[in-house]
Amino acid sequence: MAKVKLGNLCAYIAPEKAGQKARYPRIGTAFVEHDNHDRVSIIIDTIPHAGSGWTGWCNVFPDKEADDDIPF
């Protein structure tokens, strides 16, 4: 099963103080299967350290190197 890169897997870290922005450090990569775009696979390269404010939520952001045939 060939996989197509969907984008960067990023951890959501909420702002520490009012007026600050949330942070989204890259922690891995997300893929979809070439023939079945209903299934998303992830590879995790790193996990934010304890005390960073990470609650376990992740987002996928397309990157500039991703293929143009992504189904969204």
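Asn-8 lies in strand 1 of this predicted model. With a relative accessible area of 15%, Asn-8 is buried, because the limit for that class is under 20%. The side chain of Asn-8 makes a polar contact of 3.1 Å with the side chain of Arg-26. Arg-26 also appears in the list of residues in contact with Asn-8, which leaves aside neighbours within four places in sequence. The rest of that list is Gly-28, Asn-59, Val-60, Phe-61 and Asp-63.

**Strands 2 and 3**

Strand 2 covers residues 26–33 and runs antiparallel to strand 3, with five bridges joining the two. Together strand 2 and strand 3 form a hairpin, and six residues stand between them. One of the bridge partners can be named: Val-32 is matched with Val-40 in strand 3.

Ser-41 is placed in strand 3, which spans residues 40–44. Which residues does Ser-41 touch, not counting those up to four places away in sequence? They are Lys-3, Thr-29, Ala-30 and Phe-31. With Lys-3 there is also a polar contact between side chains, at 3.4 Å from Ser-41. As background, side chains in a regular strand alternate between the two faces of the sheet.

**Aromatic rings**

A pair of aromatic rings is described by two values, the distance of the centres and the angle of the planes. The structure holds two aromatic pairs, and the table gives both values for each.

| Pair | Centre to centre | Between the planes | Arrangement |
|---|---|---|---|
| Tyr-12 and Tyr-24 | 5.6 Å | 50° | tilted |
| Tyr-24 and Phe-61 | 5.4 Å | 85° | edge-to-face |

Why does the angle of 85° count as edge-to-face? Planes over 60 degrees apart fall in that class, so the pair of Tyr-24 and Phe-61 belongs there. The pair of Tyr-12 and Tyr-24, at 50°, is tilted because its angle is neither under 30 degrees nor over 60.

Tyr-12 is part of strand 1 (residues 3–13), while Tyr-24 sits in the loop between strand 1 and strand 2, so their pair ties together parts that are twelve residues apart in sequence. The pair of Tyr-24 and Phe-61 links distant parts of the chain, 37 residues apart, with Phe-61 in strand 4 (residues 54–61). Through these ring pairs, Tyr-12, Tyr-24 and Phe-61 are linked into a cluster.

Are the residues of this cluster buried or partly exposed? Tyr-12 is partly exposed at 27% relative accessible area. Tyr-24 counts as partly exposed at 37%, and Phe-61 is partly exposed at 35%. Phe-61 also connects back to the opening topic, since Phe-61 is among the contacts of Asn-8.

**Cysteines**

A disulfide is a covalent bond between the sulfur atoms of two cysteines. How many disulfides does a search of the whole structure find? The search finds zero. Cys-10 is in no disulfide, and the nearest cysteine sulfur is that of Cys-58, 8.5 Å away. Why is there no bond between Cys-58 and Cys-10? The sulfur of Cys-58 is 8.5 Å from that of Cys-10, which is too far for a bond, because a disulfide needs the sulfur atoms within 2.5 Å. As for accessibility, Cys-10 counts as buried at 6%, whereas Cys-58 is partly exposed, with a relative accessible area of 31%.

Technical notes:
Residues numbered from 1 in each chain as written. Predicted model: local features only at pLDDT ≥ 70, side-chain atom pairs only at ≥ 80, totals over all residues. Heavy atoms only, no water. Helix = DSSP H or I, 4+ residues; strand = E, 2+ residues; numbered from the N terminus. Polar contact = N/O pair within 3.5 Å; in protein donor to acceptor, adjacent residues only side chain to side chain. Contact = heavy atoms within 4.5 Å. Pairing = 2+ DSSP bridges. Phe/Tyr/Trp six-rings, centres within 6.5 Å; stacked < 30°, edge-to-face > 60°. Buried < 20%, exposed > 50% of the residue type's maximum accessible area, 1.4 Å probe, protein only.
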